[in-house]
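This report works through a single chain and the ligand modelled with it. The reader may wish to keep the coordinates open while following the text.

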Amino acid sequence: MKKLWGGRFTKTAEEWVDEFGASIPFDQELVEEDIEGSLAHVTMLGECGILPAEDVEKIKDGLLRLLEKAKRGELEFSVAYEDIHLNIEKMLIDDIGSVGGKLHTGRSRNDQVATDMHLYLRKRVKEILSLIRGLQRALVSQAEKHVETIMPGYTHLQRAQPISFAHHLLAYVWMLERDYERFSESLKRINRSPLGAGALAGTTFPINRQRTAELLGFEGIYENSLDAVSDRDFIIEFLSNSSMLMMHLSRLAEELILWSSQEFQFVELDDAFATGSSIMPQKKNPDMAELIRGKTGRVYGHLMALLTVMKGLPLAYNKDMQEDKEGMFDTVKTVIGSLKIFTGMIKTMNVRVDAMEKATKQDFSNATELADYLAAKGMPFREAHEVVGKLVLHCIEQGVFLADLPLEVYKEASPLFEKDIYDALNPRTAVNRRNSAGGTGFAEVRATLAKVKERLGTL
Ligand code: ARG
């Protein structure tokens, strides 16, 4: 089949070679953005007097017809036309005749593809931003119900000090807040127009790059044509922000997996987000959480892949850069899917308040309370730590917990102990006394919740 760029060629490539070079199997995802970009370009060509108004009208009509068809999924793409840009141009020419060939005046596929991807990511990043907000809201509404639900807090996955479950959930809300910030800040770099940079050097036609930027809703233009066509930083940044977000989701996924195990029994995931085993009838597996944890790996992979593709590429465009797309599309799909699933999972999970509270009473996570108690009465904290350490050892030998020891034992360990230590040992008291800024005390958690809600808007 004759190529749109076939002028200087005497032979056509074999189909399997075409197939290897083609991006149409995946870049058809850019079809709407490609047509939108062309509409802006041809409008500007008309306004600048580069194309006569009647040609512009014909081209616009043709493009709008193609856009309608694209939205209905009626376009049939062909590998023979390599990529989305040439496929659309070919369809346009087939529809309106040779005047369609004027669309590509003062433009190259190099600035065209970059424009498409800027438009594509701008739309998807906005969607991701709103999905992050949705997940934050789901976490906040669970947190509101569980300010006074206490659970063991962990370090090294060893019970450390009891905390409010809401406090734990809010930690993720803040992580997601940073993700939100990163994605929104990236928009100012995504929202910049490469269109009009031509193949690499600009064009001889009196185009108006500001005008196409304005028509496409970009905030400004790339100031250097070489940079405009060869920059993929905005995609790498997107993959990096996505990796960070997925890392956060993966950590929470891991906690949900642990918490829904027989060993913890802190939460029960809704049946809608779990699956059974084909052999073991008793099982309910947290598949969705595991999958999100697993999919984090592929997003990291896409980030590494594109960093590696770009490394060592001379200016300006190189065909290597066609490799930027599949990872980006897959990341968009993965991130959007993971956020949606996560939101549903959090909204519907059943929190086992009693099991969490029970766990706080069957360990030594109140030992710090005793050390603080002595320190508050003037004993240097280091000595208090030693005294309490011995008491813990004594308990372990006796097979009891700190709250089980009689007052005499405490008195023997230090005369500073009075009977109010039993109150201090109560995990609920322990949680509630930590009202330092950002701490887990109920009052402090309520205050943070109010702050978060204000930031997220009405919930
Ligand atoms: N399909 C190409 C890509 O995705 C479009 C740009 C092609 N430009 C070129 N000079 N071959 O990168």
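The paragraphs below treat the ligand site, a residue in one helix, the cysteines and an annotated domain, in that order.

The model is predicted, and the values that follow should be read with that in mind. Around the ligand stand Ser23, Asp83, His85, Arg109, Asn110, Val113, Tyr317, Gln322 and Lys325. Sorted by class, this shell holds two nonpolar, four polar and three charged residues. Helix H6, which spans residues 109–145, supplies three residues, the largest share of the shell.

Which side chains place a polar atom beside a nitrogen atom of the ligand? Ser23, Asp83 and Gln322 each do, at the distances set out here.

| Side chain | Ligand atom | Distance |
|---|---|---|
| Ser23 | nitrogen | 3.1 Å |
| Asp83 | nitrogen | 3.0 Å |
| Gln322 | nitrogen | 2.9 Å |

Taken alone, the ligand would expose 340 Å², and the protein buries 86% of that area.

Helix H6, which contributes three residues to the ligand shell, also contains Arg133. Is Arg133 buried or exposed in this model? Its relative accessibility is 12%, and because the limit for a buried residue is under 20%, Arg133 counts as buried. The side chain of Arg133 takes part in polar contacts with two partners: one contact, of 2.5 Å, reaches the side chain of Gln136, and another, of 2.9 Å, joins Arg133 to the side chain of Glu177.

The cysteines can be considered next. How many disulfides does the model contain? Since a disulfide requires a pair of cysteine sulfur atoms within 2.5 Å, the count under this criterion comes to zero. As for their surroundings, Cys395 has a relative accessible area of 0% and is therefore buried, whereas Cys48, with a relative accessible area of 26%, is partly exposed, because that value falls between the limits of 20% and 50%.

Finally, there is the matter of annotation. An unreviewed UniProt entry lists residues 7–301 as "domain: Fumarate lyase N-terminal". In the predicted model, this span is 60% helix and 6% strand, and the C-alpha atoms at its two ends lie 39 Å apart.

Methods:
Residues numbered from 1 in each chain as written. Predicted model: local features only at pLDDT ≥ 70, side-chain atom pairs only at ≥ 80, totals over all residues. Heavy atoms only, no water. Buried < 20%, exposed > 50% of the residue type's maximum accessible area, 1.4 Å probe, protein only. UniProt positions renumbered as here; feature names shortened; annotations may be inferred. Helix = DSSP H or I, 4+ residues; strand = E, 2+ residues; numbered from the N terminus. Near = heavy atom within 4 Å. Polar contact = N/O pair within 3.5 Å; in protein donor to acceptor, adjacent residues only side chain to side chain. Areas by Shrake-Rupley, 256 points an atom, 1.4 Å probe, with all protein chains shown as cover. Nonpolar A, V, L, I, M, F, W, Y, C, P; charged D, E, K, R; others polar.
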